[in-house]
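Trainee: Hi! I have a new protein open and would love some help reading it. Can we go through it together?

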Amino acid sequence: MAISFADDITLLLNVQEFAKSVTYQRKLGLGDSTIKGIFDNETVPVDAGGIAAVHQEQPRFTCRTTDIPNIAEDDFLVVDSVNYRVVAYIHDGTGVSVIQLEKQ
């Protein structure tokens, strides 16, 4: 029995496996919702123009595109009681979106 891509996404976004549930707060008063996805907060090097290496956190949340139909910059995600502002979002055309965040 073949597993479809949609089934793969559902398996990855299972909170018992890789994903977590977060609160999505819309700035336009469209109501809060709970969505499932994969949160990561990679630390990446940043060119600060000096000799010493500088690193910056780059939080992002990967989820199903259908879970965020009206997403807008300046909406918020609450992850483990920490507020993150939506600064950008990328739909990859496969039903998966990456939301780039900034810790508040």
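Trainee: To start, how many helices and strands are there in the protein?

Mentor: Happy to help! Keep in mind that this is a predicted model. The protein has one helix and six strands, and along the sequence they come in the order α-β-β-β-β-β-β.

Trainee: What do the six strands build?

Mentor: They make a closed barrel, running β1-β2-β3-β6-β5-β4 with antiparallel pairing. From one strand to the next, the twist averages 45°.

Trainee: How many bridges link β3 and β6?

Mentor: Five bridges, in the antiparallel sense, between β3 (residues 54–64) and β6 (residues 96–103). For R60, the bridge partner in β6 is Q100.

Trainee: OK, new topic. Which residues have the most contacts inside the largest nonpolar core?

Mentor: Those are I35, F61, I68, L77, I99 and L101, in a core of 13 residues. As for where the core comes from, β1 (20–25), β3, β4 (76–79), β5 (82–91) and β6 each supply at least two of its residues.

Trainee: What is L77 in contact with, leaving aside its neighbours within four places in sequence?

Mentor: Quite a list: V22, T23, Y24, I35, F61, V82, N83, Y84, I99 and L101. You'll recognise I35, F61, I99 and L101 from the core residues we just named.

Trainee: And E42, where does that one sit?

Mentor: E42 is in strand β2, which covers residues 33–46.

Trainee: Why does E42 count as partly exposed?

Mentor: Because its relative accessibility is 37%, and partly exposed covers the range between under 20% for buried and over 50% for exposed.

Trainee: Which residues does E42 touch, again without its neighbours within four places in sequence?

Mentor: E42 is in contact with Q56, E57, Q58 and R60. Take E57: it is 15 residues from E42 in sequence, and the two C-alpha atoms are 5.8 Å apart.

Trainee: Switching again, what lines the largest pocket?

Mentor: The lining is made by V44, Q56, E57, Q58, P59, V87, Q100, L101, E102 and K103. Strands β3 and β6 are the elements that give two or more residues to it. The pocket's volume is about 170 Å³.

Trainee: Last one: what are the overall dimensions of the box filled by the C-alpha atoms?

Mentor: Roughly 55 × 40 × 25 Å, taken along the principal axes. And of the 104 residues in the protein, 27% are buried.

How values were computed: Residues are numbered from 1 along each chain as its sequence is written. This is a predicted model: local features need pLDDT of at least 70, side-chain atom pairs count only at pLDDT 80 or more; totals for chains, interfaces and linings use all residues. Side-chain values use heavy atoms; hydrogens and water are left out. Two strands pair if DSSP finds at least two bridges between them. Helices (H or I, at least four residues) and strands (E, at least two) are DSSP runs, numbered from the N terminus. Axes are lines fitted to C-alpha atoms, for helices over the stretch in contact, and angles run from 0 to 180 degrees between N-to-C directions. A nonpolar core is a set of buried Ala, Val, Leu, Ile, Met, Phe, Trp, Tyr and Cys residues joined through side-chain atoms within 4.5 Å. Buried means under 20% relative accessible area, exposed over 50%, partly exposed in between (1.4 Å probe, protein chains only). Contact means heavy atoms within 4.5 Å. On a 1 Å grid over the protein atoms alone, a cavity is a set of points where a 1.4 Å probe fits but cannot get out, and a pocket is an open set with protein on both sides within 12 Å along at least five of seven lines; lining residues have an atom within 4 Å of a point. Grid points are joined across faces, edges and corners, and a volume is the space filled by probe spheres set on the points.
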